[in-house]
Structures are given as structure tokens and as C-alpha cells.
Amino acid sequence: MDLATIIGLVSGSVLILVSIVIGGSALVFINIPGLLIVVGGTLAATFIKFTMSDVIGSISVAMKAFLVKMEAPENIIKEMVDFTRIAKKEGLIALEKENPSDPFSVKALRYLSDGYDEGLIADMLHKDIRLMGQRHTTGQNVFKGMGDSAPAFGMVGTLIGLVQMLSSMSDPSSIGPSMAVALLTTLYGAVIANLIALPIADKLALRSEQERLNKSIIVEAAIAINRGVSPMVLEESLKIFLSPKERQQSETENKNAE
């Protein structure tokens, strides 16, 4: 589980609730017509913008923002270097007995043990990465669309409330509820967009880049293994994917291991 996402969502919600409670009664911030306008309108606009399968699929993609913990790149590199040693000692066919933690690594090792040529291995693995990027982009766009629609429907609710208020100026008792709809829908739209939809879209973009990096490491390693590159050369060539801090940490760990 990604603690940063949970902490951000919970802390943001708590801060808003605390500020509401401190300022007075929390019940005045609950307005069913306003929620219907913003939440219902946002969902309706989302279904208009995207297909049913895209919207439903975005839910499973969104879980990556909360539940999926990405493997550290340095761990991927260590694992691929170990596979290189096995291939050097026992041949590529021995890789079919290995059981990597990453499904993409499983696919790469299967291609190697089955004797696929370098071009085919690179083409199939890169195609997998491209399709992954397309799926992730669709999920991100769904939440970005929600982030765009929520404030717009908040404004729609505000206009509805103002119209109702101006049309009933002769009845003072109806001015308050109409004004509540006018103001609260803007609040609902801003919260949904800036605390939920847009942050999740940004986190999914980050997750996608992290997964793309890990898969790129695996592709480079698979090609190198197929070429018969030595474990030491492979490890040095894959370190280019790491940040300077991660490289230094990896080198320190290697020295301590020796």
C-alpha cells in the first residue's frame, strides 16, 4: 500500500473537516441537491467523454495509486544480473526454471529460453510497454476529465442556486437554501477536483513512469543476456537507469557485500 497517497488523502480530508467544525455546524455544509449536481454531473460527463469500459477500467488502474508498491530499480538490476550469471553457466534454456517476481521478467525469460532472436525479443517487449502506456494514459485521462468537470458542474450548481435565489427574492425564507446550493456546489467541485481526481491522475502518471523505467531495465537486460554480455558489464550498463544517489547506494552495498 502506498502510504503517501493514503496520508495525503486522509490528511487533506481531515484538515477540511476540522476547519468546517471549528467554524460552526458541519451540517450546514451538507446539501443533497448540490452533491447531486456536482457528483452526478461529473459522472455523467465522464461517461460521455469516455467509453463504459474505459471508465470501469480506470477504477482498477486507480488502485495502483493506493495498493501497488513498485519494485526498486536497483532490485530489478540485481535480479537481472543474477539471471545473466545463470545463463552464462548453464545456458539460456536454464532460465525457464527461474521464477522472477515481476510478470514482465517472466515473459522476457521465456522469450530467452525459447530461443527467440534479439530483434523479436526487443520488438515484443517494447510493444508490451507501449500498450501498457496506452492503458495507463486512458486511466489518467479519465481522472483528469473528472478533475475538469467537477469545478465546471460546481459552477453550474452555483448558477442554479443564484437563479433560484433571484427568482424568489419576495420569499426571504427561500433565499438561504438557494444561496447554500450556490456556494456549496462550488466547494464540492473544488474538493473533488483538487483533493481526489487530479491528485490521483498525477499519481498514476508517476506510477506509469516508474513501471516504464523498470520494464526498460528488463528489456535492456534481456537483449544483453541474449548477446552473452558478462554480468559485470551488464550491471554497469544498467546503472545508467539509476539516479546518482541510487548508484552510490548500490555501489556501497556491493562493497559491503564483498
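This passage describes the nonpolar cores, one helix packing and the aromatic pairing of a predicted model.

The largest nonpolar core comprises 30 residues, and those with the most contacts inside it are Met80, Phe83, Leu95, Leu112, Leu125, Ile225 and Leu234. At least two residues of this core come from each of helix H4 (73-90), helix H5 (103-113), H6, helix H7 (172-227) and helix H8 (231-238). H7 supplies the largest share, eight residues. Leu112, listed among the residues with the most contacts in the core, touches Leu92, Leu95, Ile121, Ala222, Ile225 and Asn226 when residues up to four places away in sequence are not counted. A second, separate core has 12 residues, including Ala62, Met146, Ala197 and Ile200.

Ala62 also takes part in the contact between helices H3 and H6. The axes of H3 (residues 52-62) and H6 (residues 118-167) come within 9 Å and cross at roughly 100°. This angle lies in the range 65 to 115 degrees, and the two helices are therefore roughly perpendicular to each other. On the H3 side, the contact involves Asp54, Ser58, Val61 and Ala62, which meet Thr138, Gly139, Val142 and Phe143 of H6. By class, four of the contact residues are nonpolar, three are polar and one is charged.

A search of the whole structure returned one aromatic pair. The ring centres of Tyr111 and Tyr116 are 5.1 Å apart and the ring planes are at 15°, so the pair is stacked. Tyr111 counts as buried, with 6% relative accessibility, whereas Tyr116 is partly exposed, with a relative accessible area of 29%.

Key. Residues numbered from 1 in each chain as written. Predicted model: local features only at pLDDT ≥ 70, side-chain atom pairs only at ≥ 80, totals over all residues. Heavy atoms only, no water. Phe/Tyr/Trp six-rings, centres within 6.5 Å; stacked < 30°, edge-to-face > 60°. Buried < 20%, exposed > 50% of the residue type's maximum accessible area, 1.4 Å probe, protein only. Axes fitted to C-alpha atoms, helices over the stretch in contact; angles between N-to-C directions. Helix = DSSP H or I, 4+ residues; strand = E, 2+ residues; numbered from the N terminus. Parallel < 35°, antiparallel > 145°, perpendicular 65-115°, else oblique. Contact = heavy atoms within 4.5 Å. Nonpolar A, V, L, I, M, F, W, Y, C, P; charged D, E, K, R; others polar. Core = buried A, V, L, I, M, F, W, Y, C linked by side-chain atoms within 4.5 Å.
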